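This briefing introduces selected features of a protein model to a first-year reader. Please keep the sequence and the structure in view while reading.

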Amino acid sequence: MDNRQYRQIVDDYADMVYRIALNQTRRVPDAEDVMQAVFLKLYEKQPAWLRDGAERDSGRAMAVEAERGVARDERLRAWLIRVTVNECKSLWRSLWRQRVELRDIRDGAAPPFEEPAFADTSHEALYAALGALPEKCRIVVHLFYFEDMGTREIAEVLGIKEPTVRTRLVRARKLLKQSLKEAWEDEQLEPVQSHDGRGPCLC
């Protein structure tokens, strides 16, 4: 793989890797660090199957190469997702991260999650609800809904059984439904102020 091919891969998959990293770490700096680590690993330790070439002397050879190219793209996508998830786990297992977590628990403060600004408040509630999911459920939901992966593909990428993927999806949907319901009810309980700001609106 030459530099041109490497840059093309980064261009094609950087957004996907970043989305997954941010979904897992919930912090922009950490997501950026993970993304850099993933593509550095790709550059330094590129899989052997990514370097495999094929003859292009005939039309048949080109057709075979095209089929192999599609297979390599799918394999590359799965490899990048797997490495991204593992890098996120490594980040959280690091000694520095453990010390930060212990300090936050001691101080009674939650980790400072990065939340983007949304035009629709319902999207804010959804983002917060996704962030509150257990890590194992969160990655499954992300891959299923945001990366358009099937349960079998998710199972292969994460190295777990397909029934486990389905179980986590069901659990995540229940948790999201309850969380979003509570968020909606809390919003409805807030009194609507009158036009002059002096009390609840009675109109």
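On the surface of this predicted model, Asp11, Asp12, Asp73 and Glu74 come together in a patch of negative charge. Helix H1 (3-25) and helix H4 (59-93) are the elements that contribute two or more residues to the negative patch. The points below add detail on this patch, on two backbone angles and on one buried charge.

**The negative patch**
- One of the patch residues is Asp12, and aspartate 12 lies in helix H1.

**Positive phi angles**
- Most residues other than glycine have a negative phi.
- Arginine 26 has a positive phi, near 65°, although it is not glycine.
- Arginine 26 belongs to the loop between H1 and helix H2 (28-44).
- Because its relative accessible area is 5%, and buried means under 20%, arginine 26 counts as buried.
- Aspartate 148, likewise a residue other than glycine, has a positive phi near 55°.
- The loop between helix H7 (135-146) and helix H8 (151-158) holds aspartate 148.
- Aspartate 148 has a relative accessibility of 66%, so it counts as exposed, the cut-off being over 50%.

**A buried charge without a salt bridge**
- Arginine 168 is located in helix H9 (residues 162-189).
- Arginine 168 is buried and yet forms no salt bridge.
- The nearest side chain of opposite charge to arginine 168 is that of glutamate 135, 9.0 Å away.
- When neighbours within four places in sequence are set aside, arginine 168 is in contact with Lys136, Cys137, Val140 and Ile160.

Definitions and conventions: Residues numbered from 1 in each chain as written. Predicted model: local features only at pLDDT ≥ 70, side-chain atom pairs only at ≥ 80, totals over all residues. Heavy atoms only, no water. Patch = residues over 30% accessible without salt bridge, like charges linked within 9 Å, V, L, I, M, F, W, Y side chains within 5 Å. Areas by Shrake-Rupley, 256 points an atom, 1.4 Å probe, with all protein chains shown as cover. Salt bridge = Lys/Arg side-chain N within 4 Å of Asp/Glu carboxyl O. Lys, Arg positive; Asp, Glu negative; His and termini not counted. Charge placed at Lys NZ, Arg CZ, Asp CG, Glu CD. Helix = DSSP H or I, 4+ residues; strand = E, 2+ residues; numbered from the N terminus. Buried < 20%, exposed > 50% of the residue type's maximum accessible area, 1.4 Å probe, protein only. Contact = heavy atoms within 4.5 Å.
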